[in-house]
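Have the sequence and the 3D view ready. Try each task before reading its solution.

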Amino acid sequence: VVNVAKLLRHACHMMEATAQDKRVALVVQDPKSHDTVKADRRALLQIVLNLVSNAVKFTPSGGHVTLSVDTDPAQRQLAIHVTDTGIGIPADKLMSVGEPFAQFG
C-alpha cells in the first residue's frame, strides 16, 4: 500500500534542484494524507518522476508544475494529475503519447 501524498512529495523533492535551476515552481496541491493505493511503490514513483521530469523540461522559466490527486471512493478510483504551463502536446499527437520514443515539441 502506497501513501499517495508522501509519494508525490517525494517525487517533488527529487526534482526540486532541477526545477530550481530552470526557475520552475513545483507545487503539490493538498492531497488527502490518507489516500492510499495498492501498487508497486518503485514503479509508481518512476511513473510520476517521468511525468514531472518531462513537465519541468518543457516548462519555461517562471512557469509551474502542479501535482494533484482526485479520488472517487465509490468507484475505488484514484487519479494522479501532473499539469504544467509548458508548450503542451498538439491535439493531433495525443494518441501517440504512449508510444516508445515518441517526442513532441
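The exercises below go from the whole chain to single residues.

The model is predicted.

**Exercise 1. The fold in outline**

Task: State how many helices and strands the chain has, and in which order they come.

Solution.
- Step 1. Count the elements. The chain has two helices and five strands.
- Step 2. Put them in order. Along the sequence the pattern reads β-α-β-β-α-β-β.
- Step 3. Check the compactness. The radius of gyration is 14 Å, close to the 13 Å from the globule rule for 105 residues, so the chain is as compact as a globular protein of that length.
- Step 4. Add the dimensions. Along the principal axes, the C-alpha atoms fill a box of roughly 35 × 30 × 20 Å.

**Exercise 2. Contacts, surface and charge**

Task: Describe the chain through its contacts, its surface and its charges.

Solution.
- Step 1. Take the contacts with a separation of 6 or more. Residues 24 or more positions apart account for 68% of them.
- Step 2. Turn to burial. Of the 105 residues, 25% count as buried.
- Step 3. Look at the surface. The chain exposes about 7200 Å², and carbon and sulfur atoms supply 52% of that area.
- Step 4. Place the charges. There are 11 positive and 10 negative ones, and their mean positions are 5 Å apart.

**Exercise 3. The nonpolar core**

Task: Find which residues touch the most other members of the largest nonpolar core, then follow Val48 and Leu7 to their contacts.

Solution.
- Step 1. Start with the general idea. In soluble globular proteins, nonpolar side chains tend to be buried together.
- Step 2. Name the best-connected members. The largest nonpolar core has 19 residues, and Leu7, Leu8, Val48, Val52, Val65 and Leu67 touch the most other members.
- Step 3. Find the contributing elements. Those that give two or more residues to this core are α1 (4–22), α2 (41–57) and β4 (64–72).
- Step 4. Zoom in on Val48. Val48 lies in helix α2. Its relative accessible area is 1%, so Val48 is buried.
- Step 5. List its partners. Beyond four places in sequence, Val48 contacts Leu7, Leu8, Ala11, Leu67 and Ile80. The C-alpha atoms of Val48 and Leu67 are separated by 9.2 Å, with their positions 19 residues apart along the chain.
- Step 6. Do likewise for Leu7. Beyond four places in sequence, Leu7 touches Val2, Arg41, Leu44, Leu45 and Val48.

**Exercise 4. Buried in a loop**

Task: Locate Asp35 and Thr59, and decide whether each is buried or exposed.

Solution.
- Step 1. Locate Asp35. It sits in the loop between β2 (25–28) and β3 (36–37).
- Step 2. Apply the cut-off. Buried means under 20% relative accessible area. Asp35 has 10%, so Asp35 is buried.
- Step 3. See what surrounds it. Not counting residues up to four places away, Asp35 touches Val2, Asn3, Val4, Ala5, Val69, Thr71 and Leu78.
- Step 4. Locate Thr59. Its loop lies between α2 and β4.
- Step 5. Use the cut-off again. At 1% relative accessible area, Thr59 is buried. Its contacts beyond four places in sequence include Lys22, Val24, His64 and Gly86.

**Exercise 5. A partner of Thr59**

Task: Classify His64 by its accessibility and find its contacts.

Solution.
- Step 1. His64 is found in strand β4.
- Step 2. With a relative accessible area of 36%, His64 is partly exposed.
- Step 3. Beyond four places in sequence, His64 contacts Val24, Ala25, Thr59, Thr83, Asp84 and Thr85.
- Step 4. Check one distance. The C-alpha atoms of His64 and Gly86 are separated by 8.3 Å, and these residues are 22 apart along the chain.

**Exercise 6. Positive phi**

Task: Give phi for Arg23 and Arg76, and say where each residue lies.

Solution.
- Step 1. Recall the background. Most residues other than glycine have a negative phi.
- Step 2. Take Arg23. Its phi is positive, near 60°. Arg23 is in the loop between α1 and β2. At 58% relative accessibility, Arg23 is exposed.
- Step 3. Take Arg76. Its phi is positive, about 55°. Arg76 is in the loop between β4 and β5 (77–84). Its relative accessible area is 78%, so Arg76 is exposed.

Conventions. Residues are numbered from 1 along each chain as its sequence is written. This is a predicted model: local features need pLDDT of at least 70, side-chain atom pairs count only at pLDDT 80 or more; totals for chains, interfaces and linings use all residues. Side-chain values use heavy atoms; hydrogens and water are left out. Helices (H or I, at least four residues) and strands (E, at least two) are DSSP runs, numbered from the N terminus. Buried means under 20% relative accessible area, exposed over 50%, partly exposed in between (1.4 Å probe, protein chains only). Contact means heavy atoms within 4.5 Å. A nonpolar core is a set of buried Ala, Val, Leu, Ile, Met, Phe, Trp, Tyr and Cys residues joined through side-chain atoms within 4.5 Å. The radius of gyration is taken over C-alpha atoms; the globule rule is 2.2 Å times the number of residues to the power 0.38. Accessible areas come from the Shrake-Rupley method with a 1.4 Å probe; for residues, only the protein chains shown count as cover. Lys and Arg count as positive and Asp and Glu as negative; His and the chain ends are not counted. The place of a charge is taken as NZ of Lys, CZ of Arg, CG of Asp or CD of Glu.
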